[in-house]
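This report looks at salt bridges, nonpolar cores and one loop residue, taking each in turn.

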Amino acid sequence: MKLRNCLFGFVSSVAMVIAGCGDGSNGTGTGGSGGGAAGTTGAAGTTGAAGTTGAAGTTGAAGTTGAAGTTGAAGTTGAAGTTGAAGTTGTAGRGGTTGNAGSTGAAGTTGAAGRGGTGGGTAGGGAGGGNAGRGGSTGAAGTGGATTANAMMNFFVTSDTSATADLGGLTGADARCQRLAAAVGHGSKTWRAYLSVATPATNARDRIGDGPYYNSQGMMLAATKDALHARSGDSMLFIDELGRRINGQWQGSPTPNQHDILTGSTAAGMLVSGSTCGDWTATTGSSQVGHADGLGPNMSSTPPLNQWAGAHNTGTMCGNTSPAGGAGKIYCFVGP
């Protein structure tokens with residue numbers, strides 16, 4: 001731009017010089033004799049002012065960078081929960097004493113086979129068949145009570161029963177006492193059935209020790225043998241080896257009545273001849289019994305109904321002990 005203006009100025013100057021020369025290019029006036037005055041030199045053209053350089057365009061301001069989003073403050077961490085103090089261990093409570101397991105009832109002994117009948121008699125038809133075999137003893141029911149009787153025990157009524165009075169003689173009856181006593185922890189003692197027999201003549205009182213006499217709960221029945229036979233029966237004292245009362249005529253007693261206890265004896269413990277069911281080997285004949293509870297019908301304690309050893313005769317009940325109020329139970333004592 002500046003160069004263009006210079007050229008323009010220069011051309012203008014030349015033009016002005018040419019114009020000052022007049023008609024005569026030599027500068028001579030037309031009327032003078034001498035040469036005319038020199039034309040004036042045109043003034044030099046003024047140099048055009050240099051064009052102003054356009055201001056540079058302003059650079060657009062850079063867009064402001066958006067402020068970075070503020071990072072959310074981290075949530076405050078909850079304070080850790082305090083650990084609860086360990087509970088103090090309670091002292092162990094005293095456990096209730098565990099009751100002894102009930103004793104399992106002894107299995108009933110199998111009844112012996114019936115003995116064959118005798119042959120027919122003379123001219124009038126044969127005699128009937130033989131006696132039926134005795135029924136097996138029913139095992140005593142197990143109880144929830146203690147399996148061991150009181151250490152003082154030297155007497156009990158059998159907890160098991162027998163359908164007939166055929167007990168296998170004194171040998172079978174003694175074995176029955178021994179077995180039941182062993183089941184409650186008294187098998188080391190020698191036990192005897194309280195029974196009288198005719199052959200050889202034996203009194204029940206002579207088969208037992210001299211006393212004092214204690215039941216399975218440690219309660220004393222009597223201090224001496226004489227005192228024992230002088231007293232009455234009592235449902236609270238004449239109990240079985242498991243500590244249970246014998247069903248009888250006492251108030252509130254369960255049924256059936258089982259208070260008739262086989263003895264074959266008088267109230268004093270002496271043999272009653274003909275009342276031992278064939279010395280406890282037969283199912284015919286009669287038997288003498290005592291009352292364990294010392295009571296008769298309607299709770300009567302009138303003698304001899306009060307006698308534990310010899311209250312009455314059962315009649316012909318050797319083949320079935322239950323109709324007269326019995327169950328084939330016997331008394332057991334430690335022997336002399």
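A residue is called buried when its relative accessible area is under 20%, exposed when that area is over 50%, and partly exposed in between. The model discussed here is predicted, and by this definition both Asp 174 and Arg 207 are buried. These two residues form a salt bridge in which the closest N and O atoms are 2.8 Å apart. Because Asp 174 lies in helix H2 while Arg 207 belongs to the loop between S2 and strand S3 (213-214), the pair ties together parts that are 33 residues apart in sequence.

Seven salt bridges are found when the whole structure is searched. Asp 160, Arg 176 and Arg 179 are linked with one another in a network of such bridges. The table sets out three of the individual pairs with their N to O distances.

| Acidic residue | Basic residue | N to O distance |
|---|---|---|
| Asp 174 | Arg 207 | 2.8 Å |
| Asp 240 | Arg 244 | 3.1 Å |
| Asp 234 | Arg 231 | 3.9 Å |

The surroundings of these partners can be stated residue by residue. Asp 240 has a relative accessible area of 2% and is therefore buried, whereas Arg 244, with 30%, is partly exposed. In the pair of Arg 231 and Asp 234, Arg 231 has a relative accessible area of 21% and so counts as partly exposed, and Asp 234, at 26%, is also partly exposed.

Turning to the nonpolar interior, the largest core has 23 residues, and those with the most contacts inside it include Phe 156, Leu 167, Trp 191 and Ile 330. Two or more residues are given to this core by each of helix H2 (169-183), strand S2 (191-193), helix H4 (277-280) and strand S8 (326-334), and the largest share, five residues, comes from H2. Ile 330, when its neighbours within four places in sequence are left aside, is in contact with residues among them Phe 156, Leu 167, Ala 173, Arg 176, Leu 195 and Leu 262. A second, separate core has 18 residues, including Val 157, Ile 208, Ala 309 and Phe 333.

One loop residue remains to be described. Gln 258 is found between helix H3 (225-230) and strand S5 (260-262). Is Gln 258 buried or exposed? Its relative accessible area is 18%, and because the limit for buried is under 20%, Gln 258 is buried. Not counting residues up to four places away in sequence, Gln 258 touches Thr 161, Ile 246, Asn 247, Gly 325, Gly 326, Ala 327 and Lys 329.

How values were computed
Residues numbered from 1 in each chain as written. Predicted model: local features only at pLDDT ≥ 70, side-chain atom pairs only at ≥ 80, totals over all residues. Heavy atoms only, no water. Helix = DSSP H or I, 4+ residues; strand = E, 2+ residues; numbered from the N terminus. Buried < 20%, exposed > 50% of the residue type's maximum accessible area, 1.4 Å probe, protein only. Contact = heavy atoms within 4.5 Å. Core = buried A, V, L, I, M, F, W, Y, C linked by side-chain atoms within 4.5 Å. Salt bridge = Lys/Arg side-chain N within 4 Å of Asp/Glu carboxyl O.
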